[in-house]
Amino acid sequence: MQGQLRKERLSFTITTECAHCHQPLHIDIDSELNYRVAEAEAQPLVYAPMVDFGKLDDPSIIDAF
């Protein structure tokens, strides 16, 4: 989202672990919301929440959830 707002290509890697089996997970995401999971056998649920920011009363999207 930040990249779209600033009209810049951005990318980052989320390093985490599976809550069930504790195996490491590395998820690469770019400013177009494309993602790639480094671990071939992993199938995490990845989604982008759809939020109408014009109607959002909370101070941030995190507070809305």
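**Close-up views of a predicted three-stranded model**

The protein has two helices and three strands. (Helices are DSSP runs of H or I with at least four residues, strands are runs of E with at least two, and both are numbered from the N terminus.) This is a predicted model, in which local features need pLDDT of at least 70 and side-chain atom pairs count only at pLDDT 80 or more, while totals for chains, interfaces and linings use all residues. Residues are numbered from 1 along each chain as its sequence is written, and side-chain values use heavy atoms, with hydrogens and water left out.

**View 1. The whole protein, from one end to the other.** Follow the sequence and you read off α-β-β-β-α. Of its 65 residues, 12% count as buried; here buried means under 20% relative accessible area, exposed means over 50%, and partly exposed is in between (1.4 Å probe, protein chains only). About 5,700 Å² of the protein is exposed, with carbon and sulfur atoms supplying 55% of that (Shrake-Rupley method, 1.4 Å probe; for residues, only the protein chains shown count as cover). As for contacts, meaning heavy atoms within 4.5 Å, take those between residues at least 6 apart in sequence: 8% of them join residues at least 24 apart.

**View 2. The sheet and its edges.** The three strands make an open sheet, ordered β1-β2-β3, with antiparallel pairing. (Two strands pair if DSSP finds at least two bridges between them.) At the edges stand β1 (11-17) and β3 (35-37), each with a single partner strand, so one side of each has no neighbour in the sheet. From one strand to the next, the twist averages 20°, with axes taken as lines fitted to C-alpha atoms (for helices, over the stretch in contact) and angles running from 0 to 180 degrees between N-to-C directions.

**View 3. The β1-β2 hairpin.** Here β1 and β2 form a hairpin, with six residues between them. Seven bridges join β1 to β2 (residues 24-30) in the antiparallel sense. One of the pairings puts Ser11 opposite its bridge partner Asp30 in β2. In the turn, look for His22, which has a positive phi of about 65°.

**View 4. Two cysteines, no bond.** How many disulfides does a search of the whole structure find? Zero, where a disulfide would be a pair of cysteine sulfur atoms within 2.5 Å. For Cys18, the nearest cysteine sulfur is that of Cys21, 3.6 Å away. Why no bond for Cys21? Because its sulfur is 3.6 Å from the closest cysteine sulfur, in Cys18, and that's too far. Both residues turn out to be partly exposed, Cys18 at 23% relative accessibility and Cys21 at 39%.

**View 5. Zooming in on Thr16.** Thr16 is found in strand β1 and is partly exposed, with a relative accessible area of 38%. Its bridge partner in β2 is Leu25. Leave aside neighbours within four places in sequence, and Thr16 is in contact with Gln23, Pro24 and Leu25. Ile27 is eleven residues from Thr16 in sequence, and the C-alpha atoms of the two are 8.4 Å apart.

**View 6. Gln43, out in a loop.** Which loop holds Gln43? The one between β3 and α2 (61-64). Is Gln43 buried or exposed? Exposed, with a relative accessible area of 73%. Leu25 makes a handy landmark: Gln43 and Leu25 are 18 residues apart along the chain, and 9.7 Å separates their C-alpha atoms.
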